[in-house]
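Open the model in your viewer and keep the selection tool at hand. We will go from stop to stop, with a short look at each.

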Amino acid sequence: MIESIVSTGVAIGCIYALIGITYTVMFSASRVFSFTAGTLGMLGGVLGALFIAHFGLPVAAGLVLVLAAGASFGIVTEIVAVRPVLRSLDQHLYVLSTLALALMVQQFTAIEWGTDARPFPRLFDIDRGGFDQQLWLPMLACIVVIVGLELLYRYTLMGHAFLAIAEDTYAARALGLPERRLRLTSYALAGAIGALAGFAGGEMLLAFFGNAPLLTFYGFIPVALGGMGSNRGAAVAGLLLGLFQQAANFLVGGIFASVAVFTVFILVLLVRPEGLAGASLQRRV
Amino acid sequence: MEMPAAQLQPSRANVLGSACAWSAALPFLALLALGIAFPLFGGGYWGLIATRACVYWVLVSGLNLVVGFAGQIAIGWVALLTLGAYTTSVLTAGNVTPALPPYLALVIAAVIGGVFGLILGLPALRLRTFYFAITTVGFATIVTQVALAWQSVTGGGVGVAGPIFPPPFSSPWGFYYFCFGLAAICTWMTANVAASRFGRALTAIRDAEVAAEASGISKPALLAAVFVFSGAVAAVAGGLFASLQSYITPDAFTLDLSVLFFIAILIGGRGSILGPLLGTILLTVLPEFAAPLVAWSTFLYAALLLVIVLAIPGGIAEILDFKNRRPLESHRAIIPRPELLARLLGSPPDAGALTLEQVALSFGGVQAIDGLDLEIRPGQVHGLIGPNGSGKTTTLNVISGYYAPQRGKVSLNGAALPLFSRHRRAHMRIARTFQTPRIVGAASVLENVMIGGTIDGAATFVESLLSLPRHRRDEAMLHDTAMLALTAVGLERLAPVRADRLQHSELRFTEIARALMLRPAFLLLDEPAAGLSAEEIARLGALLVAIARAGTGVLVVEHHPDLIFDICHRVTVLNLGRTLAAGTPDEIRSHREVVNAYLGG
Amino acid sequence: MWMTRRQMLASASAATIAGGLAKPAIAANEPILIGYLPALTGPSSSTGIGINRGIQLAVQEINAAGGVNGRQLELITRDTQSDPTKAVNGAAELTRGQKVSVVFGPVNSGESLAVVPLLARTNTPQVHPCWVDSLTDPQKYPMCFRNAPTNQQIGGAANRYVLDVLKRKKVAVISDTTGYGTASVNAYVPMLKANDADVVYQGNVDAADPDLKPELLRMQSAGAEAIMPWSVNAGFLSRIINTRGDMGWDVPIVGQTTLGSGQTKALLEKPDYWAKVYPNNFRNVCYAPGGKLSDRTGAFLDRLKSAKIDLGDTLLWWVALGYDSPRMIAEAMKNVGPEPAQIVGFLNKLKGFPGVYGDISFTPEQHNGYPDDEVVMVEANSLKDGAFNLAPGYSA
């Protein structure tokens with residue numbers, strides 16, 4: 001019983017953490033939270049099922065296509081929903097433009113793919129039982145992404161440039177960094193990460209359009225609680241969330257579990273609006 | 001000769017104002033007539049759709065104040081519709097309490113809705129935009145889950161029958177008139193708020209929060225009022241919805257519905273009543289026109305939202321804003337009338353001096369101000385100059401309460417000013433302008449200036465809601481005072497123009513007019529001459545001198561030494577957070593260190 | 001006055017049928033309008049899509065044979081999108097706008113709960129296949145008839161199978177958090193207890209929960225001898241079946257008909273997991289102990305094949321139910337006429353209308369037309385051509 005709760009909790013927590021990292025990478029590049037992060041996760045599952053189960057492509061090809069699709073959607077998000085509103089002084093507009101884009105994609109998927117959850121293919125032809133691939137695939141994806149991002153930020157020029165943009169856009173621009181291209185690349189990277197989350201978690205969550213609002217909400221909680229801008233914070237918070245959710249499911253049942261998650265979320269946020277690991281904001285007068 | 005013309009201006013503006021008011025009311029009157037006459041030409045089916053549009057508008061009218069005016073991204077407001085629907089239904093069904101008459105149930109639902117509106121909305125004060133949006137979505141999910149789980153009360157999945165209102169509202173057309181009447185009342189009430197100091201204060205919080213604080217507007221109190229109102233009408237809409245559906249189950253309260261309400265406001269345009277009203281009607285009626293469209297309706301709403309946000313952020317309201325399409329004069333001059341200041345500012349207040357003693361403040365490792373002494377006396381213009389980064393704006397922010405000094409004292413007339421209380425400064429008659437003009441772009445120049453006088457209004461929120469006499473007196477007073485202020489700074493011809501059409505220099509003078517609404521004992525100006533032409537700088541100087549002569553203590557932070565030396569009685573020069581020199585303009589002009597560090601030549 | 005609505009459907013068969021409907025009869029008589037409120041899109045649309053295939057075929061056949069007393073039938077469709085709000089809008093349009101003679105549907109209970117009172121107010125006869133018990137009430141809604149079983153009948157059959165045939169006493173009842181799921185659990189647990197069953201587990205679980213192992217482990221540790229799931233969500237049901245298989249736990253799963261649908265089958269990890277799964281179904285559309293379908297049903301299947309109607313992703317009984325409904329309505333109109341009072345009068349005396357789905361009977365006091373003994377349990381993995389074998393131990 002305990003081991004089931006822990007293993008599933010960690011696995012699903014890794015999916016939430018990855019969506020949280022998607023939010024964070026987008027935020028670092030643009031100071032904007034995009035509603036499309038959860039939709040990327042949903043697309044990872046749906047497109048994975050489409051390419052591999054429906055079209056019959058091999059798993060590796062399917063994965064590459066899914067990552068490419070995620071990156072493309074990330075780029076589309078930046079060009080259509082983020083770049084135009086960054087120019088305006090009105091902070092609220094980005095919430096609306098990314099919300100609109102996310103809704104459009106979700107509805108399109110619901111109509112074309114169907115509103116039922118459809119099966120996600122088994123990626124490796126190994127027997128079930130014990131520590132199944134449903135469980136370790138999301139964990140593997142999470143580790144790969146976190147380690148990969150660390151290496152990127154620490155050892156590559158592009159990674160340093162990302163950090164510079166995140167730290168201080170004006171200074172970065174003054175240094176001559178190509179801000180727009182970097183932002184575009186960040187969004188593409190975030191898109192790929194989000195799609196990977198959905199792909200790795202596909203067997204557990206199934207290829208279902210309703211995963212979009214689910215991941216939008218549960219993927220944001222690690223960001224809010226772990227402190228924005230912190231990938232590690234998002235990862236830890238994601239794992240804790242997954243464990244908490246599975247434990248709550250078990251202890252109080254389905255309906256009250258979501259009430260429990262939400263209540264804890266809002267209470268923590270009210271006490272510490274900047275998250276458990278974040279820094280307070282400076283005013284700009 | 002000058003005076004009579006100036007006196008003529010306000011009353012002419014009043015006549016124009018009432019002509020404007022009639023043309024603004026025309027669309028509403030047309031809709032009212034259409035709605036009353038509807039049964040004559042609409043069949044029973046369209047009657048149902050019209051009733052539904054009325055019910056939705058009851059909710060959206062309240063939500064409009066939250067989303068359109070206050071700018072809060074409350075996406076999950078369907079939670080309150082659900083709450084109101086279930087409360088009304090359960091109370092009339094009599095399975096928990098003895099069966100209550102439907103009207104009473106509706107009133108109780110409104111009260112509960114108000115309370116929960118407040119609970120749902122309060123996180124907005126602590127959380128940032130996106131976070132708040134997500135929490136409202138979470139709330140909507142929670143309420144539906146509770147409705148499902150609490151089977152003994154709500155009937156769980158099987159639901160509960162909706163209330164039936166007694167005759168004459170029990171027939172379809174009777175019920176239509178009931179909902180239409182409530183919709184009309186909500187339109188009237190929210191239009192009253194929109195045209196009140198509360199409505200303007202909300203837009204200030206939305207678009208120029210810093211300026212709102214400086215004008216004394218208390219965000220928590222105002223948001224609380226709006227959330228309570230919005231929650232209450234949403235719950236009433238819920239009761240009507242339950243009656244329209246005859247039977248409610250949790251699956252009728254989808255997030256799609258919430259998104260519809262939200263998008264109706266955005267499509268209609270923020271800060272407008274007519275726009276969201278038309279938006280709601282549009283979004284309710286649209287799916288009924290083409291069956292294949294029905295499945296795609298949410299997709300189309302979202303696409304419409306994207307187009308609006310990218311292309312016409314002002315929505316339908318912007319499209320209908322014919323007044324602001326008329327071209328402005330191309331060569332406009334700002335000609336202040338300093339002689340009006342005596343009438344505007346009244347007799348000089350009895351305030352003593354505003355003093356800073358050995359004030360110090362550092363940010364992280366940077367010492368922004370280090371041991372600063374400053375004294376601003378009423379009736380004098382005091383200049384504060386220095387190179388970039390010398391601490392000028394920081395000093396201003398300390399005086400106006402945005403930062404608290406780590407050492408030293410800031411006092412008014414001997415009494416220390418409370419720390420971190422920037423929204424109390426207005427009550428102490430300390431007004432300021434900003435380095436970058438903080439203006440509500442979507443509002444008119446006149447409305448922007450009226451924001452400055454918000455704290456002088458006496459009517460409560462409820463009085464404004466119901467357009468009671470005290471509210472009307474407030475409005476007349478604020479309108480006349482603002483026109484006077486605009487005439488004094490020389491912008492009266494631009495009063496009805498939308499502020500984002502103005503030139504930079506005109507925005508600066510607008511800010512001054514707004515600050516003057518407070519009849520300030522002290523006026524703090526942050527680089528008011530930046531971006532002004534030489535001619536305009538001269539006029540600005542004359543205006544500031546006249547303001548001081550009327551008894552106000554003026555502090556001017558500036559980069560233009562000529563202006564400073566022309567108008568100031570005393571000048572303080574800052575460098576690296578410390579006073580480099582202080583004295584009369586002549587003393588400073590020849591001060592060797594000042595010349596070396598700053599003035600050059 | 002207003003535009004006629006036609007709902008164009010995705011499936012190829014519907015396209016050919018709709019083509020047949022597009023032209024009304026050349027005869028001077030106006031067509032008879034039948035209002036139709038399916039959920040063809042949205043989260044609960046599988047039933048509606050299945051029923052739709054049958055209804056379109058039936059209307060086409062009736063019209064091809066000359067219609068009803070020379071008048072063609074015209075089906076006016078308003079997709080409710082699984083939303084009670086749109087269902088009410090649609091019902092208003094059908095009755096007050098289009099002025100239909102009779103309404104079939106909605107097919108989802110949540111929508112019907114809102115629509116039944118409205119149709120009663122407009123004096124429109126209604127036939128619907130929804131299961132929630134309170135949806136018929138001859139006193140309150142004298143013009144509303146149900147040509148499908150009630151929740152009581154469905155649950156009763158399943159409970160009887162578990163207790164009397166499989167002889168299990170310790171039962172775990174589980175459903176999702178939808179309206180249908182919670183209502184079912186609420187209805188069936190007391191019925192079980194009244195029959196001396198020991199309900200060792202009772203729960204509502206979020207259908208999106210990816211891991212049902214804790215739930216099944218709890219059932220197992222409570223000593224459950226049978227699992228009874230009540231949900232129309234194929235993802236949820238498949239997770240229960242898969243988890244049971246992964247655990248290697250040998251208990252029967254007895255419950256909702258969707259346990260046997262093609263969608264559920266597609267989501268199974270292993271085909272043999274489908275063993276010992278016994279969903280509800282209906283005698284007429286199942287293989288009798290000899291392995292044969294009744295003549296009526298066999299002929300129906302042939303007609304479906306020639307009309308190229310696909311059964312792989314749906315259930316035969318949905319299609320059959322859809323097929324029977326307009327035929328029953330047409331029968332009424334043929335005999336007495338299309339006026340509301342006439343139709344209601346005829347239905348109130350209907351005895352054993354020979355539908356493919358079942359034999360429907362009504363009386364003025366009983367508007368639930370489906371006979372108790374035609375609700376049966378079947379073996380899920382015997383699925384062939386949309387029909388099943390009866391579950392083992394079932395007497396004929």
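## A tour in five stops

This is a predicted model. Start in chain C and select K308(C), which sits in the loop between helix 10 (295-306) and helix 11 (316-336) of chain C. Check its backbone: phi is positive, about 55°, although K308(C) is not a glycine. Most residues other than glycine have a negative phi. Is K308(C) buried or exposed? K308(C) counts as exposed, because it has 10 C-beta neighbours inside 10 Å and the cut-off for exposed is 12 or fewer.

**A second positive phi.** Move to chain A and select L206(A). This residue is in the loop between helix 9 (202-205) and helix 10 (211-226) of chain A. Its phi is near 65°, again a positive value in a residue other than glycine. The surroundings are crowded with 24 other C-beta atoms within 10 Å, so L206(A) is buried; the cut-off for that is 20 or more.

**Two cis peptide bonds.** Most peptide bonds are trans. Select G105(C) and P106(C): the bond that joins them is cis, with omega about -10°. P106(C) belongs to the loop between strand 3 (102-104) and helix 4 (109-121) of chain C. Now jump to chain B and select P167(B) and P168(B). They too are joined by a cis peptide bond, with omega about 10°. Look for P168(B) in the loop between strand 1 (160-161) and helix 8 (172-194) of chain B.

**A strand with two partners.** Stay in chain B and select residues 354-363, which form strand 3. Add strand 4, residues 366-376: the two run antiparallel, joined by seven bridges. Two residues lie between these strands in the hairpin, where G364(B) takes a positive phi near 60°. Next add strand 6, residues 407-412. Strand 6 also runs antiparallel to strand 3 of chain B, with five bridges. Which residue of strand 4 is the bridge partner of L356(B)? It is L374(B). In strand 6, L356(B) has V410(B) as its bridge partner.

**A covered helix.** Finish with helix 22 of chain B, residues 504-516. Its 13 residues should span 18 Å at 1.5 Å a residue, and the end C-alpha atoms are 19 Å apart, which agrees. How many of its residues are buried? The count is 12 of 13, so the helix is mostly covered. Among the buried ones are F509(B), I512(B) and L516(B). Show what they pack against: the neighbours of the buried residues include helix 21 (469-489), strand 9 (522-526) and helix 23 (534-549) of chain B.

Methods:
Residues are numbered from 1 along each chain as its sequence is written. Chains are lettered from A and ligands numbered from 1 in the order in which they are written. This is a predicted model: local features need pLDDT of at least 70, side-chain atom pairs count only at pLDDT 80 or more; totals for chains, interfaces and linings use all residues. Helices (H or I, at least four residues) and strands (E, at least two) are DSSP runs, numbered from the N terminus. The expected span of a helix is 1.5 Å times one less than its number of residues. Two residues are in contact if their C-beta atoms, placed from the backbone, lie within 7 Å. Two strands pair if DSSP finds at least two bridges between them.
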